[in-house]
Amino acid sequence: MHTVVDGLTDESLASHTEPIEGTGWPPPESFPVRECLLIVLNEEWHHRQFAERDLDALQTGAPRKAS
């Protein structure tokens, strides 16, 4: 991950993805690379936040709170 992030430039972040034809979601279209990267980093941050919360609860024996 460090290699990818360290290699990013303003130019590469300002570029757009190439649409991929085929079935599935989202429909084939171009997306800003910056937006794609921010979505992935945001999802990873949330995943880690919940994983660490759950690990802390498991290690301390604390009951899980309902979401």
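**Exercise 1. Work out the fold pattern and the overall form of this predicted model.**

Read along the sequence, the pattern of the protein is α-α-α. That fits the element count: 3 helices and 0 strands. Next, take the radius of gyration, which is 18 Å, well over the 11 Å that the globule rule gives for 67 residues, so the protein is more spread out than a compact globule. The C-alpha trace spans about 50 × 30 × 15 Å along its principal axes.

**Exercise 2. Find what share of the residues is buried, and what the exposed surface is made of.**

Start with the cut-off: a residue is buried when its relative accessible area is under 20%. Of the 67 residues, 4% count as buried. Now turn to the surface: the protein exposes about 6200 Å², and carbon and sulfur atoms supply 60% of that area.

**Exercise 3. Count the charged side chains and locate the salt bridges.**

First, the tally: there are 5 positive and 12 negative side chains, and the centres of the two sets lie 16 Å apart. Side chains of opposite charge can pair when their charged atoms come close. A salt bridge here needs a nitrogen within 4 Å of a carboxyl oxygen, and the count comes to 2.

- Glu52 pairs with Arg48, with the closest N and O atoms 2.5 Å apart. Both sit in helix 3 (residues 33-60), 4 residues apart, so about one helical turn separates them. Glu52 is partly exposed at 36%, while Arg48 is exposed at 52%.
- Arg53 pairs with Asp54, with the closest N and O atoms 2.7 Å apart. Arg53 is partly exposed at 38%, and Asp54 is partly exposed at 25%.

How values were computed: Residues are numbered from 1 along each chain as its sequence is written. This is a predicted model: local features need pLDDT of at least 70, side-chain atom pairs count only at pLDDT 80 or more; totals for chains, interfaces and linings use all residues. Side-chain values use heavy atoms; hydrogens and water are left out. Helices (H or I, at least four residues) and strands (E, at least two) are DSSP runs, numbered from the N terminus. The radius of gyration is taken over C-alpha atoms; the globule rule is 2.2 Å times the number of residues to the power 0.38. Buried means under 20% relative accessible area, exposed over 50%, partly exposed in between (1.4 Å probe, protein chains only). Accessible areas come from the Shrake-Rupley method with a 1.4 Å probe; for residues, only the protein chains shown count as cover. Lys and Arg count as positive and Asp and Glu as negative; His and the chain ends are not counted. The place of a charge is taken as NZ of Lys, CZ of Arg, CG of Asp or CD of Glu.
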